[in-house]
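Visitor: I have a structure open here and would like to talk through how its parts fit together. Could you start with whatever I need for reading helix angles?

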2 protein chains.
Amino acid sequence: MRQGDQVGPLDTAVGYVLKQAASALRGAMDAALRPLDLTVPQYSCLELLGQRPGLSNADLARGAFVTRQSMNVVLQGLEARGLVSRPASAPHGRQLPTELTDAGRSQLQEASRAVHAVQVRMCAGLSAEQQRVLVATLTECARNLTETT
Amino acid sequence: MRQGDQVGPLDTAVGYVLKQAASALRGAMDAALRPLDLTVPQYSCLELLGQRPGLSNADLARGAFVTRQSMNVVLQGLEARGLVSRPASAPHGRQLPTELTDAGRSQLQEASRAVHAVQVRMCAGLSAEQQRVLVATLTECARNLTETT
DNA sequence: CTTCGTATGTCAAAGTCCTGACATCGAGCA
DNA sequence: TGCTCGATGTCAGGACTTTGACATACGAAG
């Protein structure tokens, strides 16, 4: 077996530490959002809508890295709780642009604060420059994998 | 609302790009392992056992970031396919040390090659130093979140 | 020695998510 | 105009994972 074809020790494998960090982040966010009765996908949906109102179900699904079907049930739950609103009929094509309600904006504000606290805890000890480099590198990694070429 | 309590634009949020990269990696690994009839947790289990033989179910679950129950069904599936072997009774306590079979080692070799290719593609354009920094930073982030203090 | 606490493996149930599929709608083109 | 093609929203089905719970086994403290 040639040396170059192996993954190598776990502690030095980019994929492994990436998964480790993502798993830890997921767990911490889950714990932080539990008091608000929000799951991570639900929060992602609210955050997306807060920054870019009028997104369709498919857009939200892509932004939250889930399938359209999963996002659909998330939206139905949020709509039942009065946090988001969707028009009964589509103004263009089949897209149903979703908007935050006042209650949704209020809930998002609390949730955003909780998630921000988690992110601060995660980045403790990291300089602003280190964070910027991290974001740039991760973005590059994601782009490399999603390129269709 | 104070500015410091918000998450900020998605493209610059560490948590968001981390999730994005992890999602892309998961998808790419899934596609790479599908020809071998292996899921990502199954591969993780094999890789763990290849590097540290004799790990128990609970150890494997922690290493693969899943619950003991999930890892248990993974192990049962791998055992049914003859890729791993577990003793009928526990030599110490209740831990059942798992070992790779010859078939398992062979399968792992192919899978490791496929995953390594994905990792290379992901890190295209990144220098060795950049990768080292990335691993160190992500490890630090994970440690910050899992600390109980 | 006894007792408590922690860790492990396993079972059952629930929830979550994805895969596959279908009908609908707009855009581009002959 | 009539057509195909891609994208969207939605419905069932199944696979996977987690939560909750229980019995067991070792180690430390009394």
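Guide: Angles under 35 degrees count as roughly parallel, and those over 145 as roughly antiparallel. Please keep in mind that this is a predicted model.

Visitor: Okay, at what angle do helix 6 of chain A and helix 1 of chain B cross?

Guide: The axis of helix 6 of chain A, residues 128–146, and that of helix 1 of chain B come within 9 Å and cross at roughly 25°. With the cut-off at 35 degrees, these two helices are therefore roughly parallel to each other.

Visitor: And is that crossing left-handed or right-handed?

Guide: Helix 6 of chain A passes helix 1 of chain B in a left-handed crossing. On the chain A side the contact includes A:Leu134, A:Leu138, A:Cys141 and A:Leu145, while helix 1 of chain B contributes, among them, B:Val17, B:Ala21, B:Leu25 and B:Ala28.

Visitor: What's the split into nonpolar, polar and charged in that helix contact?

Guide: The contact of helix 6 of chain A with helix 1 of chain B has 13 nonpolar residues and four polar ones, with no charged residue taking part.

Visitor: Zooming out, how many residues does each chain put into the contact between A and B?

Guide: Chain A and chain B each give 47 residues to the contact. On the chain B side, the elements supplying two or more residues are helix 1 (14–33), helix 2 (40–51), helix 5 (102–122) and helix 6 (128–146), and helix 6 of chain B gives the most, with 13 residues.

Visitor: What kinds of residues make up that side of chain B?

Guide: The side of chain B that touches chain A divides into 24 nonpolar, 17 polar and six charged residues.

Visitor: Switching to the DNA, which residues come nearest to strand D?

Guide: Of the 20 residues around DNA strand D, the nearest are A:Ser56, A:Asn57, A:Ala58, B:Val66 and B:Ser70. Helix 4 of chain B gives the most to the surface near this strand, with four residues, and that surface is made up of six nonpolar, 11 polar and three charged residues.

Visitor: Then which ones are closest to strand C?

Guide: DNA strand C is surrounded by 18 residues, of which A:Thr67, A:Ser70, B:Ser56, B:Asn57 and B:Ala58 are the closest. Two or more residues of this surface come from each of helix 4 of chain A, helix 3 (57–64) of chain B and helix 4 of chain B.

Visitor: Which helix gives the most there?

Guide: Helix 4 of chain B gives the most to the surface near DNA strand C, with three residues, and the surface as a whole divides into four nonpolar, 11 polar and three charged residues.

Notes. Residues numbered from 1 in each chain as written. Chains lettered and ligands numbered in written order. Predicted model: local features only at pLDDT ≥ 70, side-chain atom pairs only at ≥ 80, totals over all residues. Near = placed C-beta within 6 Å. Nonpolar A, V, L, I, M, F, W, Y, C, P; charged D, E, K, R; others polar. Contact = placed C-beta atoms within 7 Å. Axes fitted to C-alpha atoms, helices over the stretch in contact; angles between N-to-C directions. Parallel < 35°, antiparallel > 145°, perpendicular 65-115°, else oblique. Left-handed = near helix turned anticlockwise from the far one by under 90°.
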